[in-house]
Amino acid sequence: MSPKDLLLALLVIVVWGLNFVVIRVGLEGMPPMLMGALRFMLAAFPAILLVRRPQVPLRWLLAYGMTISVGQFAFLFYAMHVGMPAGLASLVLQSQAFFTLFFAALFLGERLRGSNLFGLLVAACGLALIGLQSGQAMTLAGFVLTIAAASMWALGNVVTRKLGKVNLLGLVVWGSLIPPLPFLALSLWLEGPALIGASLRGIGLQSLAVLAYLAFGATLLGYGLWSRLLSRYPASQVAPFSLLVPVVGISSSALLLGERLGSLQVVGAILVMAGLLLNVWGGRLLDSWHQRTVRAL
């Protein structure tokens with residue numbers, strides 16, 4: 001990877017890692033479902049006038065929007081609203097990698113390798129330790145909702161795999177047309193017209209900056225650069241960079257929000273990261289070890 005593209009990859013990771021701190025700040029001035037609706041309105045308009053619609057059937061565009069956009073962020077925003085710390089959210093959300101393996105095996109017939117299963121087991125132990133310490137800087141409801149967000153992200157990943165080669169930025173932009181109405185419906189149901197009206201009338205510069213970051217930074221800039229990298233390099237070379245997102249998320253949350261992990265959560269975080277590393281590189285290490293063993297014999 002060229003130095004320029006390496007810097008772009010690191011920029012995406014920083015933008016996505018800081019995203020969780022920005023969400024936490026945004027929830028101070030807006031209810032979660034309203035924030036979701038406004039975020040995707042800004043991400044869709046005027047970008048759909050500049051980005052070509054991906055050549056995918058409407059039903060799959062709806063499936064993508066309802067899973068990776070509505071499902072993931074409705075659960076994530078509400079999880080952080082009810083007490084999920086930003087740093088832990090950035091980590092627990094990465095369990096989507098293992099949900100993706102499960103759903104891909106279930107719906108697409110993809111085969112699970114032993115290294116995938118071992119990585120899943122290690123990460124599951126880490127998640128269990130994190131969940132056991134709920135009540136100390138984290139609510140159980142927030143933890144469970146973040147797991148639900150990860151599962152919806154994974155379903156969206158399976159939809160993307162089903163579509164095959166598709167322009168990722170176009171999919172994200174046009175998929176952003178789907179969430180506003182469901183988010184508004186959820187906002188009316190969970191938050192009510194009075195809170196919606198008060199939030200819109202009292203929206204300030206901080207809330208506007210949060211929405212701009214979520215829509216233009218985390219969504220358009222992040223996925224735009226990510227799709228550029230995926231078009232230039234193999235996915236196996238680009239995807240591991242996403243492992244750095246929770247590192248940025250946890251460190252920025254500690255630095256900017258003063259969040260601290262409990263002792264069990266620290267151990268759990270290490271196990272989750274170890275499981276993710278095993279999932280990405282475990283198969284290659286086993287293949288390399290097997291080849292060296294065969295040559296030695």
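Is Asn 19 buried or exposed? In this predicted model, Asn 19 turns out to be buried, because its relative accessible area is just 6%, and buried means under 20%. The residue belongs to helix H1, which covers residues 3-26. Setting aside residues up to four places away in sequence, Asn 19 touches Tyr 213, Leu 214 and Ala 218. That makes a handy way into the rest of the model.

Stepping back to the whole chain, the protein contains 14 helices and 0 strands. Read from the N terminus, the order of elements is simply α-α-α-α-α-α-α-α-α-α-α-α-α-α. As for overall dimensions, the C-alpha trace spans about 75 × 45 × 40 Å along its principal axes. The radius of gyration is 19 Å, which agrees with the value near 19 Å that a compact globule of 297 residues would have. Contacts tell a similar kind of story about the fold: of those with a separation of 6 or more, 90% come from residues 24 or more positions apart.

Next comes the split between inside and outside. Buried residues account for 51% of the 297 residues. The accessible surface adds up to about 14000 Å², and 71% of that surface belongs to carbon and sulfur atoms. On the charge side, there are 18 positive and 6 negative side chains, and the centres of these two sets sit 10 Å apart.

Inside the protein, the largest nonpolar core takes in 77 residues. Which residues have the most contacts inside this core? They are Met 35, Leu 76, Met 84 and Trp 226. Met 84 is worth a look of its own. Not counting residues up to four places away in sequence, Met 84 touches Arg 24, Ala 79, Ala 89, Val 92, Met 138, Thr 139, Gly 142, Phe 143 and Thr 146.

One of the loops has a backbone feature to point out. The peptide bond running from Phe 45 to Pro 46 is cis, with omega near 5°. Pro 46 lies in the loop that links helix H2 (32-44) to helix H3 (58-81).

Further along the chain, helix H5 and the loop after it supply three more examples. Phe 99 has its place in helix H5 and counts as partly exposed, given its relative accessibility of 25%. Where does Phe 99 make its contacts, leaving aside neighbours within four places in sequence? Phe 99 is in contact with Ile 147, Ala 150, Ser 151 and Ala 154. The C-alpha atoms of Phe 99 and Ala 154 are separated by 5.6 Å, although their positions lie 55 residues apart along the chain as a sequence separation.

The loop between H5 and H6 holds Gly 109. This glycine is exposed because its relative accessible area reaches 62%, and exposed means over 50%. Gly 109 and Asn 157 are 48 residues apart in sequence, and their C-alpha atoms are 14 Å apart in space.

Leu 112 is found in the loop between helix H5 (96-108) and helix H6 (114-132) as well. With a relative accessible area of 32%, Leu 112 is partly exposed. Apart from neighbours within four places in sequence, Leu 112 is in contact with Leu 101, Ala 105 and Leu 117. Leu 112 and Met 138 are 26 residues apart along the chain, and 32 Å separates their C-alpha atoms. Met 138 also appears among the residues that Met 84 touches.

Methods: Residues numbered from 1 in each chain as written. Predicted model: local features only at pLDDT ≥ 70, side-chain atom pairs only at ≥ 80, totals over all residues. Heavy atoms only, no water. Helix = DSSP H or I, 4+ residues; strand = E, 2+ residues; numbered from the N terminus. Rg over C-alpha atoms; globule rule 2.2 N^0.38 Å. Buried < 20%, exposed > 50% of the residue type's maximum accessible area, 1.4 Å probe, protein only. Contact = heavy atoms within 4.5 Å. Areas by Shrake-Rupley, 256 points an atom, 1.4 Å probe, with all protein chains shown as cover. Lys, Arg positive; Asp, Glu negative; His and termini not counted. Charge placed at Lys NZ, Arg CZ, Asp CG, Glu CD. Core = buried A, V, L, I, M, F, W, Y, C linked by side-chain atoms within 4.5 Å.
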